[in-house]
Amino acid sequence: MDIRPMGMKDLVAVRDLELLCIREYFEKIMENRWEELPTDWVDNLGASNSRSYRYYVEGGLSLVAEEEGMVTGFIFAQMVNHVYNVENMLWVENMGVHPYYRRTGIGYRLLQRCIDLGREKGAGAVHSAIQPDNLPSLMMHRKLGFFTDSREVALLDLQDKKVSGPR
Ligand SMILES: CC(C)(COP(=O)(O)OP(=O)(O)OC[C@H]1O[C@@H](n2cnc3c(N)ncnc32)[C@H](O)[C@@H]1OP(=O)(O)O)[C@@H](O)C(=O)NCCC(=O)NCCS
């Protein structure tokens, strides 16, 4: 198994795999059937959406795992500055491993390599977006030494019409 930088040539494979992982999660938590969700809404999901993918690739911190020419895992990450009093924070946006290849160490190695890269580029800390009810993800982060608690981030969606604009 090889871990290498994500490239534009991986777009289709990574898009399919990220949507597969998102779909898995949604089917656990949402009542809607995946097929009934509006296409434009699904198109915007994930870091591999058409507006974000190139940005992550060009940032140089996103990686894929490859087995015999096939993408088996991905991680999207970027450096963000001056958050939580940290000058350079490695922000892990999303990651996933194909169900067939899970629990073989791919997720761990992807995250470890991404952290090493971030450190080389001056990161002082790593922030990874996790759902507290996602046990495999939580356990993987803990195995790598991440501190986890019940911390959540409050979100205001400025695209939401119900959120009032300037007064
Ligand atoms: C979370 C995920 C990326 C882990 O990838 P993976 O390649 O299967 O994980 P690894 O084989 O590297 O496992 C590393 C460690 O994570 C923990 N872990 C992984 N899967 C687990 C499971 N099903 N149950 C409990 N612990 C688990 C274990 O501590 C494991 O170490 P061990 O095998 O020595 O016990 C994978 O389950 C996945 O793609 N899930 C769907 C998408 C997702 O949830 N993404 C995370 C968003 S933050």
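In this predicted model, an oxygen atom of the ligand sits 2.6 Å from an N or O atom in the side chain of Asn134. Taken alone, the ligand would expose 920 Å², and the protein buries 79% of that. Two or more residues of the surrounding shell come from each of helix 1 (11-29), strand 4 (86-97), helix 4 (106-120) and helix 5 (135-143). Helix 5 chips in the most, with five residues.

The backbone gets involved as well. A polar backbone atom of Met95 lies 2.9 Å from a nitrogen atom of the ligand, while a polar backbone atom of Tyr108 is found 2.8 Å from a ligand oxygen atom. Asn134, already met through its side chain, turns up again among the residues that come nearest to the ligand, together with Val97, Arg103, Gly107 and Lys143. The full shell around the ligand runs to 21 residues. Sorted by character, these break down into ten nonpolar, seven polar and four charged.

As for internal space, the structure has just one cavity of 30 Å³ or more. The space in this largest cavity comes to about 30 Å³. Its lining is made up of Phe26, Glu27, Met30, Asn32, Arg33, Trp34 and Leu37. By character, the lining of the largest cavity splits into four nonpolar residues, one polar residue and two charged ones.

How values were computed: Residues are numbered from 1 along each chain as its sequence is written. This is a predicted model: local features need pLDDT of at least 70, side-chain atom pairs count only at pLDDT 80 or more; totals for chains, interfaces and linings use all residues. Side-chain values use heavy atoms; hydrogens and water are left out. A residue is near a molecule or strand if one of its heavy atoms lies within 4 Å of it. A polar contact is a pair of N or O atoms within 3.5 Å; within protein, one must be able to donate a hydrogen and the other to accept it, and residues adjacent in sequence count only if both atoms are side-chain atoms. Accessible areas come from the Shrake-Rupley method with a 1.4 Å probe; for residues, only the protein chains shown count as cover. Helices (H or I, at least four residues) and strands (E, at least two) are DSSP runs, numbered from the N terminus. Ala, Val, Leu, Ile, Met, Phe, Trp, Tyr, Cys and Pro count as nonpolar, Asp, Glu, Lys and Arg as charged, and the others, Gly among them, as polar. On a 1 Å grid over the protein atoms alone, a cavity is a set of points where a 1.4 Å probe fits but cannot get out, and a pocket is an open set with protein on both sides within 12 Å along at least five of seven lines; lining residues have an atom within 4 Å of a point. Grid points are joined across faces, edges and corners, and a volume is the space filled by probe spheres set on the points.
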